Amino acid sequence: GTPAAFGDFNNDGHTDLFVISSDQKTVETWVWDNSNKEFSHLAAADITTAHTITNVVPGDFDMDGRLDLLVQGQQTSNGETFMSVYLGDGAKFNDAVDLPSATEALPFAFDYNGDGRVDFLGRSWDQRTNATGPQTWVWQNTQKPGTEMYDLTAFVPGDGTQEMCQPASPHSSAFVDLDGDCLADLFIVCAGNEEYQIWTNSAAGFVYSQTGKLPTNAGPVSFADINADGSLDLVIPIPGKSQIYVLFNTQRPLCVGERKSGECRKYHGICEADPQFSFSLSDAKVIDIDKLWPGEVLLKDMEKFDGQAPPAVKIADFNLDGFPDMAVVTSSSKKSTHVRMLKSIKCTDCTAPRDERSFVVVTAGVQVLEGLGRPQDIAFFDIDESGTVDMLVALVDASGSKRITAIYNNFFTDAFFIKAVVCPADQHTRSHAGILPGASFKYLLVSDSGKKHVAQSPQVPQTAYRALSTPYSMIGLGRTNNYIEDFSVGSTAQLGTRARSFEGLIPNSQVVVFPYNTTSDWRLELYMNRSESTPYILATLLSSMALLGIAVFALNTMERRADQREKQRALHSINFDAL
């Protein structure tokens, strides 16, 4: 099959996998069996449809604390996309709740009115021929049961002065913070795939901010803080070619070093918006795949998949040094495909503005990636919740069958991490299984050399076209001897507090945040990750305590014997004087 999405289906704290079957008629549920360290097929939770499934979006849509699925697919070639919600009960999925159809530009998850529920933005199938109507529509979560769960309503801009462009097909539109206020904005790839629009999130709703240019023949956009400066950058591949563009997000920097005042962010204001943020295509960093791997280009399309599935650059910090790394699938003239990895290192000869990192080929420890048949797609995630960034590879084997292979990350690292997730909550339910698209994390770190810097990480920014976003953010902290000085979390809530800061978080732990939408009181749960060296540390501690105990006992015994001898000498002296 083909991996479609990640989520915690049975609410056991481990990430499960949803797979689209080879005939694309069934969504299979594979749950992680932690005792046997493997995925097992839960056939009772499979979903079978009459149309061709192209995408799956997990989430707790009815806020009952259990994971649900939105299944998107096509039955004919006319471009109509069918959408159905399947409500889960922790053991299986119940009957479908059909939603109004969309065009082939798949709707993606966001929060339209700031109520903490998952809505969807796209083009309505029924309204596609309405030339005078709006181009974009919202499938709004009404919080009602049954067929009334979602209503179709026109997207209304917050200021009403600009109309949103028609989404491209396919597209890589996202719900992600781009102006630095920890509140998710809308990034829309416009029809024609030449431009994008950014709509910032505010109390008045989504307000038009800017339009920018994309590289020619641009592929799906990914988002990451490439240079760890506290703002999310754009990573854009050119499928079928050999270039990857990195467009840096220019914002006010942190007030460190010589920057103590003026146009810089204070330590306590890392979630302040910068209305002047910008991206520059002319100043983009370009990574040339052909120079790194001669004769290879970025994979353009997946084999044996009916539907649009443009491969994206997958980004994760596999060595936890605090700077995101990349992985791509390439193809050569021999029609063979390969998984290639790029590691971020400090750049010594970069000249572009804000360009402080360079990417080098990872050659050591990746031999297992060479014998995988014909890889088609990849995803980073923590397989067994051990605090490492592992890899999932979708491939076509020698017999032409689609397979999925999991590869463990065995790279040695002495760096720290934190795994963070924001879950939806209200006055009745805290949904550990739920996924809150658009949540954002900003964190102030102090390195072992004493230098401070701010970095940012998004949570589930994209959900269309098998984006394969994990429900959590795996954040590398690098080498540090300190607690996390400031960990700011942004939600999409309009009624409650939109962002909160937490101090003194312990590295190598999992943070679960529940932002209540109607109050400023948030709940934070911190789970410590047991290190592999814990038994040795415990043995050393017990041995040291035993040695100290023996030494104390021996010294105490010697002291008592010395005191007894002293008393005897004093008694003999008294008796002699008496005589």
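Guide: Buried means under 20% relative accessible area, exposed means over 50%, and partly exposed is in between, taken with a 1.4 Å probe and protein chains only. This is a predicted model, where local features need pLDDT of at least 70 and side-chain atom pairs count only at pLDDT 80 or more, while totals for chains, interfaces and linings use all residues. Residues are numbered from 1 along each chain as its sequence is written, and side-chain values use heavy atoms, with hydrogens and water left out.

Visitor: Why is Arg-252 called buried?

Guide: Its relative accessible area is 18%, which is under the limit, so Arg-252 counts as buried. Across the protein chain, 54% of the 579 residues are in this class.

Visitor: And what makes Leu-542 partly exposed?

Guide: Leu-542 has 49% relative accessibility, a value between the two cut-offs, so partly exposed is the right label. You will find Leu-542 in helix H2 (residues 534–578).

Visitor: How many helices and strands are there?

Guide: The protein chain has two helices and 39 strands. Both are DSSP runs numbered from the N terminus: helices are H or I with at least four residues, strands are E with at least two. The C-alpha atoms fill a box of roughly 130 × 60 × 55 Å along the principal axes.

Visitor: What makes Arg-252 and Asp-274 a salt bridge?

Guide: A salt bridge is a side-chain nitrogen of Lys or Arg within 4 Å of a carboxyl oxygen of Asp or Glu. In this pair the closest N and O atoms are 3.8 Å apart, so the definition is met. Both residues lie in the loop between strand S21 (249–250) and strand S22 (278–279), so the bridge ties together parts that are 22 residues apart in sequence. Asp-274 is buried too, at 5% relative accessible area. Arg-252 and Asp-274 also belong to a salt-bridge network with Glu-272. The structure holds 16 salt bridges.

Visitor: What makes Arg-466 and Asp-377 another such pair?

Guide: Their N to O distance is 3.0 Å, so this pair meets the definition as well. The bridge links distant parts of the chain, 89 residues apart: Arg-466 is in the loop between S34 and S35, Asp-377 in strand S29 (residues 374–381). Both partners are buried.

Visitor: How do you know that Glu-385 and Lys-419 form a salt bridge?

Guide: The closest N and O atoms are 2.6 Å apart, so the pair passes the test. Glu-385 sits in the loop between S29 and strand S30 (390–396) and Lys-419 in strand S32 (residues 416–422), distant parts of the chain that are 34 residues apart. Glu-385 is buried at 15% relative accessibility, and Lys-419 is buried at 4%.

Visitor: What makes the backbone of Ala-228 worth a look?

Guide: Ala-228 has a positive phi of about 50 degrees although it is not a glycine. Most residues other than glycine have a negative phi, and most peptide bonds are trans. Ala-228 lies in the loop between strand S18 (222–224) and strand S19 (233–237), and its 8% relative accessible area makes it buried. Tyr-465 also has a positive phi, about 55 degrees. Tyr-465 is in the loop between S34 and S35 and counts as buried at 8%.

Visitor: Where is there a cis peptide bond?

Guide: Look between Ser-169 and Pro-170, where omega is about 0 degrees. Pro-170 is in the loop between strand S13 (150–154) and strand S14 (174–176).
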